Amino acid sequence: MPAILEGQISAQGVRLAVVVSRFNSFITERLLAGAADAFLRHGGDESLMTVIKTPGAFELPLAAKAAVKSGKYDAAVALGAIIRGDTPHFDYVAAESVKGLAQVTLETMVPVVYGVLTCDTVEQAVNRAGTKSGNKGFESAVTAMEMVSLMRLLAS
Ligand code: INI
């Protein structure tokens with residue numbers, strides 16, 4: 001049998017930074033509620049979760065980088081909602097947020113989870129923020145827990 005390294009999904013003892021943008025806050029507040037729900041329901045300690053707010057999704061990478069570089073967190077979850085409008089702005093913000101967050105996680109070796117919705121319509125975003133298609137915030141927090149556990153296994 002090959003050795004299999006796979007993370008556990010538990011928030012016990014996990015120090016989590018939730019970096020959330022205010023743009024489209026009617027969606028992002030639902031994502032934040034989902035992330036907090038997942039963290040607490042998996043045994044997380046409320047005092048070990050910090051919420052960090054940014055103006056928009058474009059600012060998520062810088063705030064996430066500062067958070068994880070502080071050494072105070074085992075993982076970060078970045079939450080945002082980018083919704084297509086009439087101009088190419090959507091594409092620029094979406095591309096920079098994903099690229100920036102990917103850079104942060106690889107440079108710092110701290111799990112930074114991409115919980116940013118990139119949707120064509122408000123309805124698509126609503127569906128992914130706690131209605132028809134789950135809650136991206138909840139799923140992202142679960143991913144963060146698994147990655148913290150996996151990184152510990154890989155380091156041991
Ligand atoms: N920021 C978002 O988080 N979502 C969006 O849909 C969005 N759109 O479409 O404009 C958005 N723009 C703001 C951007 O993230 C920055 O805050 C702004 O450009 C200042 O740097």
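This is a short talk about three helices, one strand and a few individual residues in a predicted model.

Hi everyone, and thanks for coming. Please keep the structure open while I talk. Remember that we are looking at a predicted model.

Let's begin with helix α3, which runs over residues 89–108. It has 20 residues, and from its first C-alpha to its last it reaches 28 Å, close to the 28 Å expected at 1.5 Å a residue.

Now, which residues of α3 are buried? They are F90, V93, A94, S97, G100, L101, V104 and T108. These residues cover an arc of only 145° around the axis, so they sit on the same side of α3. Turn to the face that points away from that buried side, and you will find the exposed residues Y92 and L106.

What do the buried residues of α3 pack against? Their partners are α2 (60–69), β3 (75–83) and β4 (112–119).

Let's take α2 next. Two packed helices are described by the angle between their axes and the distance between the axes. For α2 and α3, the angle is about 15° and the axes are 8 Å apart. Angles under 35 degrees count as roughly parallel, and α2 and α3 are therefore roughly parallel to each other. Their crossing is right-handed. If you want to find the contact on your screen, look on the α2 side for L60, P61, A64, K65, V68 and K69. On the α3 side, look for E96, S97, G100, L101, V104, E107 and T108.

From here we can step over to strand β4, where V116 has its place. Is V116 buried or exposed? Its relative accessible area is 4%, so V116 is buried. Leaving aside residues up to four places away in sequence, V116 touches L60, A78, L79, G80, A81, I82, S97 and L101. You have met some of these names already: L60 belongs to the α2 side of the helix pair, and S97 and L101 to the α3 side. V116 also has a partner from far along the chain to look at: A57 is 59 residues away in sequence, yet the two C-alpha atoms are separated by 7.6 Å.

Another buried residue is S140, in helix α5 (residues 136–155). S140 has a relative accessible area of 2%. With residues up to four places away in sequence left out, S140 touches V77, L79, V113, Y114 and G115. Notice L79 there, which is also on the list of residues that V116 touches.

Now for the loops. M109 lies between α3 and β4. Its phi is near 65°, a positive value in a residue other than glycine. M109 is exposed, with a relative accessible area of 58%. N24 is in the loop between β1 (16–21) and α1 (25–41), and its phi is near 55°, again positive in a residue other than glycine.

That brings us to α1. Its 17 residues should span 24 Å at 1.5 Å a residue, and its end C-alpha atoms are 23 Å apart, which agrees. The buried residues of α1 are I27, T28, L31, L32, G34, A35, A38 and F39. Seen down the axis, they fall within an arc of 160°, so they line one face of the helix. Just after α1 comes G43, with a positive phi of about 90°.

That's my tour. I'm happy to take questions!

Key
Residues numbered from 1 in each chain as written. Predicted model: local features only at pLDDT ≥ 70, side-chain atom pairs only at ≥ 80, totals over all residues. Heavy atoms only, no water. Helix = DSSP H or I, 4+ residues; strand = E, 2+ residues; numbered from the N terminus. Expected span 1.5 Å × (residues − 1). Buried < 20%, exposed > 50% of the residue type's maximum accessible area, 1.4 Å probe, protein only. Arc of directions from axis to C-beta. Contact = heavy atoms within 4.5 Å. Axes fitted to C-alpha atoms, helices over the stretch in contact; angles between N-to-C directions. Parallel < 35°, antiparallel > 145°, perpendicular 65-115°, else oblique. Left-handed = near helix turned anticlockwise from the far one by under 90°.
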